[in-house]
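Got the viewer open? Let's take a short walk through this one, selecting as we go.

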Amino acid sequence: MSLPEPGPVLAVSGLTKRYGRRTVLDEVSFTLARGEVHGVLGPNGSGKTTCLHLVTGLLAPDGGQVLLNGVPVQDKKSRDFLGMAPDDLPMPASLTGQEYLAFHDRLRGRDDSVTAADLAWAFGLAEDLDRQIAEYSHGMKRKLQVVAAVMHFPDLLVLDEPFRGLDPDAAVTLRKLITSYAGHGGAVLIATHDMLRAQRDCDRVTILHAGAVVAEGSPAQLQQRYSVDTLEEAFLVTTGLEAQQGERAQLLDTMLKEGWER
Ligand SMILES: Nc1ncnc2c1ncn2[C@@H]1O[C@H](COP(=O)(O)OP(=O)(O)OP(=O)(O)O)[C@@H](O)[C@H]1O
């Protein structure tokens, strides 16, 4: 990890993205401090992945700004501070796991092969590094992406649905990695649908709905603000989905009952 910089590791302000006339991210702002695990939550299509792709410079915004340690994400220097494990970007199938990690080293102009080997071992992937990615299962690809994102100890680690497809053993390892990464001064931004994990592991969350921030705070603050017992309930209230739940359950029940009686 590089020398600590003053100020937030990540500062997102007024971030806006449009596709044609459709605004899919609307004036989103939040900051991430050193040592913080920050969750980006929201229903399907609410803009989580778009937000993460803008934060990491994979997408260019139509408005707003992303600063990493004060450096605009468009500036190549910001790459030194950043590691990302995307949700479903394609991976080069013909490379072996080892070659994939070496490729990241080359892009970064570094040699983090020893750390990468240790991380691969921690995720139970060490034996598979000589195999082609084409032969990897979904979970193995995920583990490899996480190793590639973390091996240079970036100040900001960005993870898009990192637990999806991981077996329980790898999920425990990843959870430990996230909490201890932040515990040692890194910042972790994580998009997830897993409310239980977010409640347990995130210091703060930003909840998106239709591209806009509808709530921000620690899970405990949100529970208190909306007088509910869990982050999941706060999520349903702030996104307006709570009201629809009853209607949907009723509709499904009626439909299934009629279906069986046919
Ligand atoms: N390339 C694109 N062209 C047009 N619209 C897009 C494009 N990429 C994303 N969108 C739209 O942007 C919105 C936000 O998508 P995004 O993938 O960020 O949502 P998400 O919150 O990550 O969803 P999910 O939980 O399903 O992964 C969606 O309405 C989606 O249809």
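Start by selecting the ligand and the residues near it (C-beta atom, placed from the backbone, within 6 Å of the ligand): Tyr-19, Val-24, Gly-42, Asn-44, Gly-45, Ser-46, Gly-47, Lys-48, Thr-49 and Thr-50. Numbering runs from 1 along each chain as its sequence is written. This is a predicted model, where local features need pLDDT of at least 70, side-chain atom pairs count only at pLDDT 80 or more, and totals for chains, interfaces and linings use all residues.

Color that shell by type: two nonpolar, seven polar and one charged. Here Ala, Val, Leu, Ile, Met, Phe, Trp, Tyr, Cys and Pro count as nonpolar, Asp, Glu, Lys and Arg as charged, and the others, Gly among them, as polar. Now pick helix α1, residues 48-55, which gives the most to the shell, with three residues. (Helices are DSSP runs of H or I, at least four residues, numbered from the N terminus.)

Next, jump to α2, residues 97-108. Its end C-alpha atoms are 17 Å apart, which agrees with the 16 Å that twelve residues should span at 1.5 Å a residue (1.5 Å times one less than the number of residues). Highlight its buried residues (20 or more other C-beta atoms within 10 Å of their own): Gly-97, Tyr-100 and Leu-101. Look down the axis: they fall within an arc of 95° (directions from the axis to the C-beta atoms), so they line one face of the helix. Show α3 (113-122) and α4 (138-150) too, as the buried residues of α2 pack against both (C-beta atoms within 7 Å). Just after α2 sits Gly-109, with a positive phi near 65°.

Last, color by pLDDT, the predictor's confidence in each residue, from 0 to 100: the protein's mean is 93, and 98% of its residues reach 70 or more.

Conventions: Helix = DSSP H or I, 4+ residues; strand = E, 2+ residues; numbered from the N terminus. Buried ≥ 20, exposed ≤ 12 C-beta atoms within 10 Å, placed from the backbone. Contact = placed C-beta atoms within 7 Å.
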